[in-house]
Amino acid sequence: MPRPLIILAVLLLLAPGRSAAAPALRLSDTTINQGEALRVTVRGTVPATAVVWFAGRTWPLYGAGSSHLTYVGADARTTPGTYALSVAAGERVLVRRTVTVRRVAFRQRRLRLDPDKEALFTPEMVAEEQRKVAAALRALESQQLWEGLFLLPVDAPLSSPYGLQSVYNGTVRGFHRGTDFAAAEGTPVRAANHGIVRLAEFLPLSGNAVFVDHGLGVLTGYFHMSELVVQPRQRVRKGDVLGRVGSTGVATGAHLHWGLRINGLYVDPMPWASEGAP
Ligand SMILES: [Zn+2]
């Protein structure tokens with residue numbers, strides 16, 4: 001073989017990513033606020049083990065063949081800045097982009113708990129709650145079940161927004177992982193969108209709680225209810241009653257806490273109601 005052809009062949013062998021076309025990556029946004037999510041679409045063949053890396057976490061990819069999809073996001077604690085977003089299989093990065101997370105000026109709220117309720121707020125209770133939630137959410141729907149805008153689960157004024165830092169009896173206990181509505185005891189609580197009930201039971205902190213699985217790692221949570229009227233594995237439609245407003249678990253009075261988690265991370269549910277999923 002003449003020398004130039006040998007050099008060309010060597011160059012072709014060394015060229016990264018030439019053995020298969022790199023998958024195409026589409027993001028719904030490249031700049032998000034703390035508390036916001038973005039949709040990640042991957043077109044092209046990727047290994048079955050492919051996942052997304054973003055902001056220090058690994059995010060599952062849903063789909064099959066040449067089309068995969070997932071949601072990733074930043075919560076109120078994610079450090080603002082520019083992060084790599086990669087689709088990777090093992091240690092191999094298949095395609096990579098950058099996403100900027102912008103700071104949001106979240107406020108603080110100071111709460112007092114009565115001694116009975118404070119006594120329940122122990123590391124053991126946190127661990128028990130996490131164990132129950134993890135067990136209930138082990139297997140999730142890989143198809144999108146929701147349609148259109150998410151409904152607000154109660155018709156009541158918002159009493160405390162996502163992202164507030166909660167200071168209980170003088171100690172910061174973290175940020176508010178959802179939106180509170182000042183609804184009266186007994187008000188029906190409705191499913192924000194179509195999905196499958198994955199959890200409907202009492203949790204030490206969240207009280208009588210329901211999680212609805214909307215597919216693609218997107219779940220809504222409804223906490224502190226007085227009464228539950230659904231069962232795990234039950235399919236629900238947008239607007240179906242899940243339970244009634246109460247003050248069970250660690251709560252300072254009757255209200256509904258509504259949360260939205262994407263692949264385990266709590267983001268602000270309100271944009272999903274006003275604008276829909278990203
Ligand atoms: Zn709340």
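**Zinc site, largest pocket and aromatic contacts**

In this predicted model, the zinc ion is held by three protein donors, namely His176 through NE2, Asp180 through OD and His257 through ND1, which lie 2.0 to 2.1 Å from the ion. Along the chain, these donors follow the spacing H-x3-D-x76-H. His176 is placed in the loop between strand 13 (171-175) and strand 14 (179-181), whereas His257 belongs to strand 22 (residues 256-262); the pair therefore ties together parts that are 81 residues apart in sequence. Both of these histidines, His176 and His257, are buried.

The largest pocket of the model was found to have a volume of about 1,100 Å³. Its lining comprises 38 residues, of which Glu129, Arg177, Leu205, Ser206 and Phe223 are the closest to the pocket centre. Two or more lining residues are given by each of the following elements: strand 10 (108-111), helix 3, strand 11, strand 12 (165-168), strand 13, strand 18 (218-225), strand 22 and strand 23 (265-267). Among the contributors, helix 3 gives the most to this lining, with 5 residues. By residue class, the lining of the largest pocket divides into 16 nonpolar, 13 polar and 9 charged residues. Strand 22, one of the elements that line the pocket, is also the strand in which the zinc donor His257 lies.

Aromatic contacts were examined next. A search of the whole structure yielded 10 aromatic pairs. In one of them, formed by Phe150 and Trp272, the ring centres are 5.5 Å apart and the planes meet at 85°; because an angle over 60 degrees counts as edge-to-face, the pair is assigned to that class. Phe150 is located in the loop between helix 3 (123-136) and strand 11 (158-160), and Trp272 in helix 4 (residues 270-274), so this contact ties together parts that are 122 residues apart in sequence. With a relative accessibility of 2%, Phe150 counts as buried, and Trp272 is likewise buried, with a relative accessible area of 2%. Phe150 and Trp272 also belong to one aromatic cluster, together with Tyr71 and Trp146.

Aromatic rings are further involved in contacts with arginine side chains. Arg57 lies over the face of Trp59, at 5.2 Å from the ring centre. Arg177 is positioned over the face of Phe175, at 4.6 Å from the ring centre. Arg177 thus links two parts of this description, because the residue that lies over the ring of Phe175 is also one of the residues closest to the centre of the largest pocket.

Key: Residues are numbered from 1 along each chain as its sequence is written. This is a predicted model: local features need pLDDT of at least 70, side-chain atom pairs count only at pLDDT 80 or more; totals for chains, interfaces and linings use all residues. Side-chain values use heavy atoms; hydrogens and water are left out. Rings of Phe, Tyr and Trp (its six-membered ring) pair if their centres lie within 6.5 Å; planes under 30 degrees apart count as stacked, over 60 as edge-to-face and the rest as tilted. Helices (H or I, at least four residues) and strands (E, at least two) are DSSP runs, numbered from the N terminus. Buried means under 20% relative accessible area, exposed over 50%, partly exposed in between (1.4 Å probe, protein chains only). A charge sits over a ring if NZ of Lys or CZ of Arg is within 6 Å of the ring centre and within 35 degrees of the ring normal. Donors are N, O and S atoms within 2.8 Å of the metal (3.2 Å for Na, K and Ca); water is not among the atoms, so sites may look incomplete. On a 1 Å grid over the protein atoms alone, a cavity is a set of points where a 1.4 Å probe fits but cannot get out, and a pocket is an open set with protein on both sides within 12 Å along at least five of seven lines; lining residues have an atom within 4 Å of a point. Grid points are joined across faces, edges and corners, and a volume is the space filled by probe spheres set on the points. Ala, Val, Leu, Ile, Met, Phe, Trp, Tyr, Cys and Pro count as nonpolar, Asp, Glu, Lys and Arg as charged, and the others, Gly among them, as polar.
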